[in-house]
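Reader: Could you take me through one part of this model up close? I'd like to hear about the helix packing, and then whatever it leads on to.

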Amino acid sequence: MTVTHETVPGTEVYGPGTFIDKNVLAVPTDARRVFEILASRTPGFTKDKAAWDTVHFEGRPEPMVQGPIKSPVMAAALHAMAGLVANELLELRDEKPTTENSVTIDTDHAGIWLGSVFTTYINGSDVTALARSRSLGALFKQDFDQGFGKGISSRATAIYQTKDPHVWYQLHGSLDANTALRSMGINPDVTFNTPQEYYDYIQQYVSKWTPDELEMHNVRHGLCGSICYSPEGWRKTEFGRRLSKHPLINVTAETYARPTPPVPLAKGLSDKRPLAGVKVLEMVRIIAGPQIGVTLASYGADVIRVNCSRLADLNALQLTLNAGKRTIDLDITKTEDMERLKELLADVDIFIQGFRMGSLDRKGLGLHDMLEMAARRNKGIIYVDENCYGPDGPFAERPGWQQIGDAASGSSYVMGRSQGYEGGKGVLPPLPVSDMITGLVGAVGAMIAIRRRAVEGGSYHVHSSLVAADTIALEKEIGLYPPEVVRDTIERCGFKEITPDQYVTEILFSVVDGWKKGLPHYLDEHSRFMTTFDDGHWGRQTLLKPVPRLGVEESTPRWTSPPVPHCHHDRDISWR
């Protein structure tokens, strides 16, 4: 399928290094175009145009997300890639091609998926209503938030103007805002009545620091943070240049390791989903890492999530990102818990880790440790790293969150310009796009690696990064929506202005409200995009379905068990 698409430089509109669509395509048409771009660039992904032609996109023609960045288009294209690899796995498992293999992607569904962590219903109440009524916390017996987002920490993560009035900086308190604030000489014990007062208080301090001083301070202390670069500014950094050398879906055969034979896909199972029989263990937190596992679970993988009950996470994310999984509590600083973890790892196919690069190496759980284990058992492993800045380069081991990816890549800068802000003033994109895309990229990479292991044998390293997930959408070939399209989307959905002080969830609530206006009934509990578990841990729970629809219904991704809390199952569980 050939679609004419041109972009023009957008420097005067969205800043240096941006490109605006000269001709705006309908979203499904654009998703098809971007799918073909990504498919052609991805090593190990089929280049067979006949296979590409089994993929179909449908949905409303107009954009549904605030701002010029085509996040639903990117999501739809990547979900299509996952679906196509899934069909390849089915053909490989069944040892015969089938004419029924197809992939259908609704681009509206893919757009809503980007905000799916806040589109669930519990006993008929949607999660945004529960959060606004302050009754969400009552669902959880254990408070993994551990004070996160309360008091001054509610504005420890925000975008601030630096001593250079033309450069803004993304501070991030991570899950321990007090430590970050104290390191800057900011008193975390002050009390005010409103979030705005906390923001203004922190701004007084940040404005005394130059951007480079803030960067060096955070690097020195191992803290999160990033200058809000323009897209061109990021590409000119050494970090940006190093990251650009890697494909978005980054799968590497670890050919230096001892060879291991092909691992056939499981046959004869009652579960006909493509990853049935594949064992996945994940050690992850927040959104991006868990999204890898929840995607693989929807394709049939047996996913065990390892949490440590003494470590902070975000309570609300359990409601969606643990769908289809089992969860256990292990503290790997304890000898007996580490031994239990190694027992599970002995037969694992995919290991997902979302901690700082190198941190698990020091625990004997790094890539090379796993390759040695794979050699001993004579069965290859897929090792999935999820981080902020990519697999190498000077920032590879630096911590990062979604907001850091947004600031570093230029996404926050572009979003600020789209709202008419000048002087480098950035705001967050309206959804946790880099988190969700990073998770999806990691899942697609893992599926490609499973297919390659089944044919070629060996072990594989998959890498997925937040900044890469953001930068791809800012490339010339992808393009940004022109201002008139941005304005039309805002008017149609009634989206509110985004400001530098806002946190992700505040913006996301506004987006959900806008979708309820601009996409009537799409988010309803009984929408065609939803699926319901009548006897979930929290009662009757409705979730957004997985996005891809395969030609064979029994193989189409779905979850067969509802979400559960962290650390829910007995630690002695075994693989299915």
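Author: Let's start with a pair of helices. H12 and H18 sit oblique to each other, since the angle at which they pack is about 45° and angles that are neither under 35 degrees, over 145, nor within 65 to 115 count as oblique. Their axes are 7 Å apart, and H12 passes H18 in a right-handed crossing. Keep in mind that this is a predicted model, so take each value below as computed from that prediction.

Each of these two helices also leads to a cavity, so let's follow them in turn. The search of the whole structure turns up 6 cavities of 30 Å³ or more.

H12, which spans 288-298, is one of the elements that give two or more residues to the lining of the largest cavity. The others in that group are helix H13 (318-321) and strand E18 (539-544). H12 has the largest share of that lining, with 4 residues. The cavity itself has a volume of about 200 Å³, and 19 residues line it. Nearest its centre you'll find Trp 113, Gln 291, Val 294, Leu 544 and Trp 559. Going by the residue ranges, Gln 291 and Val 294 fall in H12, while Leu 544 falls in E18. As for the make-up of the lining, 12 residues are nonpolar, 6 are polar and 1 is charged.

Now for H18, the other partner. H18 covers 433-456 and helps to line the second largest cavity. Helix H4 (71-94), helix H17 (411-418) and helix H19 (466-471) likewise give two or more residues each to that lining. This cavity comes out at about 110 Å³. Its lining has 14 residues, and those nearest the centre are Ile 69, Ser 71, Pro 429, Val 433 and Asp 470. You can place some of these on the helices: Ser 71 belongs to H4, Val 433 to H18 and Asp 470 to H19. By class, 10 of the lining residues are nonpolar, 3 are polar and 1 is charged.

H4 has a packing partner of its own, helix H2 (residues 27-41). The axes of H2 and H4 come within 8 Å and cross at roughly 55°. That angle makes H2 oblique to H4, and H2 passes H4 in a right-handed crossing.

Back to E18, the strand that helps to line the largest cavity. E18 is part of an open sheet of 4 strands, in the order E6-E5-E18-E17, with antiparallel pairing. Strand E6 (125-126) and strand E17 (530-536) are at the edges with a single partner strand each, so one side of each has no neighbour in the sheet. E18 pairs with strand E5 (residues 121-122) over 2 bridges, in the antiparallel sense. If you want a spot to zoom in on, try Ile 122, whose bridge partner in E18 is Gln 541.

There's another open sheet worth a look, with 3 strands in the order E7-E8-E9 and antiparallel pairing. Its edges are strand E7 (158-161) and strand E9 (225-227); each has a single partner strand, so one side of each is left without a neighbour in the sheet. On average, neighbouring strands here are turned by 25° against each other, direction ignored. A hairpin links E7 to E8 through 6 residues, and 4 bridges join these two antiparallel strands. In that pairing, Ala 158 stands opposite Leu 171 in E8. On to the other pairing: strand E8 (residues 168-171) and E9 run antiparallel, over 3 bridges. There, Tyr 169 has Ile 227 of E9 as its bridge partner.

One last stop, this time an open space. The second largest pocket holds about 1000 Å³ and is lined by 45 residues. Leu 175, Arg 285, Gly 354, Phe 355 and Arg 356 lie nearest its centre. Helix H7 (177-183), strand E12 (302-307) and strand E15 (382-387) each bring at least two residues to the lining. The lining splits into 23 nonpolar, 12 polar and 10 charged residues.

How values were computed:
Residues numbered from 1 in each chain as written. Predicted model: local features only at pLDDT ≥ 70, side-chain atom pairs only at ≥ 80, totals over all residues. Heavy atoms only, no water. 1 Å grid on protein atoms, 1.4 Å probe; cavity = no way out; pocket = protein on both sides within 12 Å on 5 of 7 lines; lining within 4 Å. Points joined across faces, edges and corners; volume = space filled by probe spheres on them. Nonpolar A, V, L, I, M, F, W, Y, C, P; charged D, E, K, R; others polar. Pairing = 2+ DSSP bridges. Axes fitted to C-alpha atoms, helices over the stretch in contact; angles between N-to-C directions. Left-handed = near helix turned anticlockwise from the far one by under 90°.
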